[in-house]
Structures are given as structure tokens and as C-alpha cells.
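Trainee: Could you take me closely through a single part of this protein chain and set it in the context of the whole model?

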Amino acid sequence: MGRTPTIALLAAIALGLGVSACGGDDESGAGETTTESTTTTESTTTTESGGAASGELEGETGPGFEIEVKQNGEDAESVKAGTYTLKVEDKSDMHNFHLIGPGVDEEVTTVSFVGDKTVTVTLQPGTYTYQCDPHAAQGMKGTFEVT
Ligand SMILES: [Cu+2]
């Protein structure tokens, strides 16, 4: 009668090992981040070479009759030429976000769209206009210079 608990314990340990092995199989599928680390290395190289700028811009349209583009949290007025990630927050289903300038004519969000959308834009020297198409005439637009 004294042996039964021991056998039960061994069985429990064996089961436990089996579960661990299955869990290990699941983790082996996470090899897709390799591409991202390559991209990071490239952008670091670009910065060090002193060539074209790259960075982030933030656009916002709505919820009122307001539209803006910011860089580093401040109103973008002068931006260096280069490739940028432009993240637009569209806060209303009555406004869109449209960027127009040298080499770019992109409606990032549509009028009915609400939410965040991120695109990559290549900015060349010149004047860029961002606007809400239905309300540009009411002043829902702005510009920034790319140098
Ligand atoms: Cu609008």
C-alpha cells in the first residue's frame, strides 16, 4: 500500500515533462523579427553618413475643424528633405488628411476613416501642403517647407 503514492508521483512528473516539451515547440515559430533588425541597422548607417534625413512626423485632423503636422511635438514649419514615417491621427468621420507637394500627392486618411494610419513619405525640397479636402476653403489646411 505504501508504493502507490510513489508511482502516482512519477506519473505526475512524466506528465509535467510532456507539457513542457509541447510548450517549447510553440516558441520555435517566432523567427520573423530578423527583417526588422536589418532595417534598424540600415537607418543607423544613414544617420551616421550625414546624408538624407529620416525621422517621424505626426499629422492630426479633427475632431474640430483643425489640421496640423508636428515634428518632435512642435508645429512642423521647416523639415529637412528625406524619408519620413508619417503617422496621422484622424479623429473625425467628416475630415480627411491629404498631403500634397513635390513628388507626393497622398490622401493618407479618407473622410469616413477614423483612427491612426502610418505611411512612409519621401520629402524633397519645396513647399508641402496638408489639408482636409472638403474644408480646405474654410482654412483647414497648412504648409511646411522642406529644405
Ligand atoms: Cu474637414
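Mentor: What follows goes from the model as a whole to one strand, its partners and the loops beside it.

This is a predicted model, in which local features need pLDDT of at least 70 and side-chain atom pairs count only at pLDDT 80 or more, while totals for chains, interfaces and linings use all residues. Residues are numbered from 1 along each chain as its sequence is written.

The predictor's confidence in each residue, pLDDT, runs from 0 to 100; the protein chain averages 78, and 65% of the residues score at least 70. Over residues 4–50 the pLDDT is below 50, and beyond near neighbours in sequence this stretch has four contacts in the model, a contact being two residues whose C-beta atoms, placed from the backbone, lie within 7 Å.

The protein chain has two helices and ten strands, taken as DSSP runs numbered from the N terminus (helices H or I, at least four residues; strands E, at least two). Along the sequence the pattern is α-α-β-β-β-β-β-β-β-β-β-β. Among contacts in the protein chain with a separation of 6 or more, 61% are between residues 24 or more positions apart.

The part to look at closely is β1 (53–61), for which pairing requires that DSSP finds at least two bridges between two strands. With strand β5 (residues 82–90), β1 runs parallel and is joined by nine bridges, and glutamate 56 stands opposite threonine 85 in β5. With β2, by contrast, β1 runs antiparallel and is joined by four bridges; here glutamate 60 stands opposite glutamate 68 in β2.

The hairpin of β1 and β2 has five residues between the strands, and glycine 62 takes a positive phi near 80 degrees there. The peptide bond from glycine 62 to proline 63 is cis, with omega near 0 degrees, and proline 63 itself is placed in the loop between β1 and β2 (67–71). As background, most residues other than glycine have a negative phi, and most peptide bonds are trans.

After β2, asparagine 72 is found in the loop between β2 and β3 (74–75), and its phi is near 55 degrees, a positive value in a residue other than glycine. Asparagine 72 is exposed, with 9 other C-beta atoms within 10 Å; on this scale, with C-beta atoms placed from the backbone, a residue is exposed at 12 or fewer such neighbours, buried at 20 or more, and partly exposed in between. Buried residues make up 18% of the 147 residues in the protein chain.
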